[in-house]
Each structure stands twice: as C-alpha cells, then as structure tokens.
Amino acid sequence: MSNAKQTEQMKKGAGFIAALDQSGGSTPKALRLYGVNEDAYSNETEMFDLIHAMRARIIKSPAFTGEKVVGAILFEQTMDRAVDGIPTATYLWEKRGVVPFLKIDKGLEAEVSGCQMLKPIPGLDDLLARAVKAGIFGTKERSVISAANAEGIKAVVAQQFELGNQVIAHGLMPIIEPEVTITIADKAEAEEILRAEILAQLDALPEGKQVILKLSLPSVPNFYKPLVDHPRVLKVVALSGGYSRDDANAMLAQNTGMIASFSRALTEGLSAQQTDAEFDAMLGGAIDSIYAASIAG
C-alpha cells in the first residue's frame, strides 16, 4: 500500500490523529471558537485564508510532531495549499513526522431510517489521484447514525465500505467513519448493530487489505475490542463527538487499543489573540492530555 514507514507509524499508533478538516459549513464555527468572528472576513476566500492560517499555526507549533500526533486529517483546500512554501502534506510528513490524510466526503444526505448517508462525491477518482500525487496516505469519509435502526445502519456501513474499496484501489488507506450521535437514547443498541455490520464487511475484505475505523466513543468500555483485534483493521480511532476534551479523554482511556482522532476537543482553548508562547503552551497541554488518553488503554 502506501509508504511503509507511514503504515508502521499508524499501526504502532503511539499517539493520536489530529482532525484539521473543517470544511465550508463548519469553518465559521471553528473560526469563532478561535476568536475570529464573521466581521473579520468578507467572502469565502478570506474565510478559508484565515482557517488555513489557523491550521498552519497548529502544524508549525513545536508541540505538533509525530512523537505524539501520528496523523492529521486535512480538508481538500488545505492539501492544495502550502505551509512556509511547502505543500501541506509534504510539510506534515517531512518536517513534522505526521502522516497526512484527506477528508473526501461532500457532506450528508437527509436522514432516512435514522441515518444520514454520504452525498455523492463527483470526480472522486480524480481527487484520489491528486491525493496520491500530493503524498496523502489515506482518506476520511463521515456518515451519521442517529437511531438504532438496523436497515439504516446496514446501508451506512455498506456505503462506507464500498467507498473504502474505491480508496484502496488507488493505494490509499480509508478511514471509515460511521459516527453514532452521542446524545441518542438508544446509543448502546445502535453500537451493537454497527459492530455486527462492520465485522461482516471486514470479513468480506480481500486478504491483505486493511481499513482504519473512526468511531464514536462506545457506551461500554472496550466494546469495539473485536474490531481493534481484527486483521483487516490497521487502527481504530475515536472521535470526540461533542464531549469536552476532559470527558472524551476519560472515556478513551478505558478503551484498550483505541486512539483519539479529535477535532474540536484538540483546538479547545486556542485563540488567534494568544501570543505564540501562549498558543504553543495551550496546544501542548491539549496534545499531552489526548496523547496520554490514547496510550492509556
């Protein structure tokens, strides 16, 4: 598959994956949390310039290295941009020792059977070819499960693995992400259905092919251990899903073999108004805590 050193780094998983992949819809909120309000930009181009500056600041921070951050998920525009004149994916791997991934989904369909499927991804093969050329190791695509509906969950998982096989065909590693909404009353039941469907799809994968799974933190600690141990799984990573960083870390630490892939929980407390020293200290503390939770299990 891809770079053997990158595969080994992800397999060893001594750290976590940073999710730096906010796209058009979630960018204004991410900027507001960073202390940049809508009046700071007048169009989409300026907005994306500001979010790239935030991401570049994170990537360049002394705390952001492969020692504790094994991978990072990028938005397509971030892949196409540069950090200090170096293409972002190249900078991540060569300067920081961090494995680069690319978010490829284009959002979610309306909810059907308690679940939201992925929207079509036009030009996906071209995008995957560009990703390979840019030095990307793998991809990420997110669906949402909001009810313990067997039909809906089966459809979500089938679509995720169909897309994953397309990604694998390009020599890339898919991160399959069927997120279970953490606030639903039947979360544990949804997770039972989800685990069974994922196991069935994993068993159907050709020998020698692997995926990474990105899942909501389970209601029962170590519920996903059979997935962690499956030979078709390179790694199981956890999304924070709306939990605070402290709560997400506490839950993650109870799950053996799972590592974090946090977005908002990683950037919690960071601000454009901070000095570089303040910013690096805040980010360093966040990275240390998420790293500790990721290796605790």
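**Helix ends, helix packing and positive phi angles**

User: What makes the approach of asparagine 149 to glutamate 151 at the start of α7 a polar contact?

Analyst: At the start of α7, a side-chain oxygen of asparagine 149 comes to within 3.1 Å of the backbone nitrogen of glutamate 151. A polar contact is a pair of N or O atoms within 3.5 Å (within protein, one able to donate a hydrogen and the other to accept it, and residues adjacent in sequence counting only if both atoms are side-chain atoms), so this pair fits the definition. The model is predicted, with local features needing pLDDT of at least 70 and side-chain atom pairs pLDDT 80 or more, while totals for chains, interfaces and linings use all residues. Residues are numbered from 1 along each chain as its sequence is written, and side-chain values use heavy atoms, with hydrogens and water left out.

User: How do you know that the span of α7 agrees with its number of residues?

Analyst: Helices here are DSSP runs of H or I with at least four residues, and strands are runs of E with at least two, numbered from the N terminus. The expected span is 1.5 Å times one less than the number of residues, so the 20 residues of α7 (150-169) should span 28 Å, and the end C-alpha atoms are 29 Å apart, which agrees. After α7 comes glycine 171, whose phi is positive, near 80°.

User: Why are α3 and α5 called roughly parallel?

Analyst: Helix α3 (residues 44-60) and helix α5 (residues 88-96) pack at an angle of about 15°, with axes 11 Å apart. Angles under 35 degrees count as roughly parallel (over 145 roughly antiparallel, 65 to 115 roughly perpendicular, the rest oblique), so α3 is roughly parallel to α5. In contact, which means heavy atoms within 4.5 Å, His52, Ile59 and Lys60 of α3 meet Thr88, Tyr91, Leu92 and Arg96 of α5.

User: What caps the N-terminal end of α3?

Analyst: Asparagine 43 does, with a side-chain oxygen 3.2 Å from the backbone nitrogen of threonine 45.

User: Is serine 113 called buried, partly exposed or exposed, and why?

Analyst: Buried means under 20% relative accessible area and exposed over 50%, with partly exposed in between (1.4 Å probe, protein chains only). Serine 113 has 27%, so it is partly exposed. Serine 113 is found in the loop between β5 (99-103) and β6, and has a positive phi of about 55° although it is not a glycine. Most residues other than glycine have a negative phi.

User: Where does asparagine 222 lie, and what is its phi?

Analyst: Asparagine 222 lies in the loop between β9 and α9 (225-228), with a positive phi of about 65° although it is not a glycine. Its relative accessible area is 32%, so asparagine 222 is partly exposed.

Conventions:
Axes are lines fitted to C-alpha atoms, for helices over the stretch in contact, and angles run from 0 to 180 degrees between N-to-C directions.
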